[in-house]
Amino acid sequence: MTAPVLILGATSDMGRAIAHRFAAQGYPIQLAARQVSRLEADKADLQIRYGVAVSLHEFDVLAVETHASFIQELPEQPAIVICVVGFMPDQKACEQDLSLALEVMRTNYEGPAVILSLFANVFEQRGFGTLVGISSVAGERGRASNYFYGSAKAGFTAFLSGLRHRLAQSGVQTLTVLPGYVHTRMTEGMKLPPLLTAQPQEVANAIFSAIEKKKDVIYVRPIWRWIMVVIRWLPEPLFKRLSL
Amino acid sequence: MSSPITHRGYLQQLCGWGRYPVQPCHVYCPRSESEILQLLNSGLPLIARGNGRAYGDSALNGKATLQMRHFNRLLGFNPQTGQLIAEAGVLLADILELFVPRGWFPLITPGTKFVTVGGMIAADVHGKNHHKEGSFVQSLDWLDLLTTGGQIHRCSPSENRDLFYWTVGGMGLTGVILRAAFRLRPIETAWIRQTTRIAKNLDEVINLFEAAQDVTYSVAWIDCLAVGSQLGRSVVMLGEHATREELPAKYRQRPRRTPRRRKLSIPVDFPNGALNALTVRAFNQLYFLNQQRKAGQSFVDWDTFFYPLDSLLGWNRIYGRRGFVQFQCVLPLRTAREGLSELLHCTSAAGAGSFLAVLKQLGDQQGYFSFPMAGYTLALDFPVSQRTFKVLDQLEEITLHYGGRFYLAKDSHLTPMCLRKSDSRVERFVQVRNAHQWNVHFASEQSKRLNL
């Protein structure tokens, strides 16, 4: 009997796709999100399709003081934790309403970093496990169009990198996932270039194989690696003039 | 996280499977019932959309098209009764992939598996077994409908009976179908024992159908360019679910596994006019000869038997960028021979030969507004052009003359007058819609065109 996969942010499109990918492989699934009632249908769905055990867990990424008890109350410690939590409202709205901006920063950085830190301690002691953080290419350079979101993701990427460094000798894998554009609720209605835009299932497949291959950092679509090389190395005076 | 963003629709050029008409639509992709509810409460008349397999404008609404594909979960399965409970956006293809290996098959299936549960109910689809087992409603135990006022009604033949029978075949105009329970049939194998017969003309086809009343599945492919004494020459395919014992030894070991079919994609639009009388004639001739060679009994996997065109992904592109229209009518038994012959005459005379012409026998109907009636249904498709519309006008006239009616899931051309002449149930449907204010909340480009 394999230990389960825990998905934090399971009501999201990516979270759902990831749950299907791992359930199809026979993993028991733990789904966690704020409104657990919204996951009842997913639970039935995963059970009927794949015949795996599925459990539901209330989880609020912003309520960091509850994270330790969340972990303690899990019926079984997961083999793999995947943090899909993310929040990207309109940048302009954030500039006007700093409480919204704060929520972006806390949801994309503080909350995920706290919960994964706590799991890291458990996994390190145990000597095995996989921690997966879905970060973003937006974290690789701040841009006018989404720097609240981008800066929080930058923090999360750096956090994952540090965590991986710390856990390198412990038998615990830390995987950073940089999806690029994905067709999800977050990007709905945006004009996205098809070549650069993945489906949630692609993200799920990429994560699954990256875990098998013990990877550290993956771009879901490889072309993003090169795009980001260029964007990172553009000199600031030039970068300032571009509308990105 | 945080409060879910609602009401964020986006503008998209949308069309049905026939790629005609194309219409800019505000598309909404809700993830939860409360989001649908909010949209409903905003007062926009909306239409639910599944996988966009209706041919015309049935699932388009410029103001608000509700994309239901995120409601794609299976909620329950009872292995004693074969009852499956599924959300409206579940694809039939997913159900088949999952349940055929487990020994189950839908009681009723249309000719493509790329349809959603909600779509099958809204069009009350029929299959090759309609003459014997009826349309989708026959397999439907209940459905949950979100309707005017934001109420969710459980509808079945015993509960909210009228709403149930108006919704089945109601083209999404009574509310938003959220989920449904319907039955699958147990199958021993994934194979169909197929008997292929050749009919030299229309009379022979109909005689073959009449003689095959007890056969579960029957369908005919008509060479609709054949003329004179050959008018209506057809390949008739009859099928039964094969039992394990009937199967050839090589399949018997794993009777519910079938080889995966190779999928071909049509990567680009064919040039307009690539399908002309000449190429269609050549295709029909080849197909006919090929089938003639295969006449007799054979074992065919379920995918090939039920969904022959699905292996050609994007086959609608064959008709070029302008798209195509499908014409499907049903003629009552008493006028079928005469009426069909006139429809085929009209088609072949116009030289507007259809790539695909399918003839099926239909049985009686239960839904208040469903398409089928006891008789014969003919489906033809034509590339969009001014000439095609003239042919359609003629075909519609003939259908009216012989007391037939039209399949709304295929339609993009009918007029309000023509629809009303064909179907005395239309006025009642409109009355009920007005009385319950369904017309305020639910509308499609089709319902606007047809004054439904």
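Student: Which residues of helix α13 (residues 425–435) of chain B are called buried?

Tutor: They are B:R425, B:V426, B:F429, B:V430, B:V432 and B:R433. Buried means under 20% relative accessible area, against over 50% for exposed and partly exposed in between (1.4 Å probe, protein chains only). The model is predicted: local features need pLDDT of at least 70 and side-chain atom pairs count only at pLDDT 80 or more, whereas totals for chains, interfaces and linings use all residues. Residues are numbered from 1 along each chain as its sequence is written, chains are lettered from A and ligands numbered from 1 in the order in which they are written, and side-chain values use heavy atoms, without hydrogens and water.

Student: How do you know on which side of α13(B) they lie?

Tutor: The buried residues cover an arc of only 165° around the axis, so they are on the same side of α13(B). The arc is that of the directions from the helix axis to the C-beta atoms.

Student: What do the buried residues of α13(B) pack against?

Tutor: Their partners in chain B are α5 (161–167), β20 (405–406), α12 (416–422), α14 (438–441) and α15 (445–449). A contact here means heavy atoms within 4.5 Å. Just after α13(B), B:Q437 has a positive phi of about 60°.

Student: What makes a stretch of chain B count as one of its helices or strands?

Tutor: A helix is a DSSP run of H or I with at least four residues, a strand is a run of E with at least two, and both are numbered from the N terminus. By that rule chain B has 15 helices and 20 strands, and chain A has nine helices and nine strands.

Student: Why does the radius of gyration of chain B agree with that of a compact globule?

Tutor: The radius is taken over C-alpha atoms, and the globule rule is 2.2 Å times the number of residues to the power 0.38. For 452 residues the rule gives a value near 22 Å; chain B has 21 Å, and therefore agrees. With 244 residues, chain A would be expected near 18 Å and has 18 Å, which also agrees.

Student: How many of the residues of chain B count as buried?

Tutor: Of its 452 residues, 60% count as buried. In chain A, 53% of the 244 residues do.

Student: What share of the contacts in chain B join residues at least 24 apart?

Tutor: Among contacts between residues at least 6 apart in sequence, that share is 74% in chain B.
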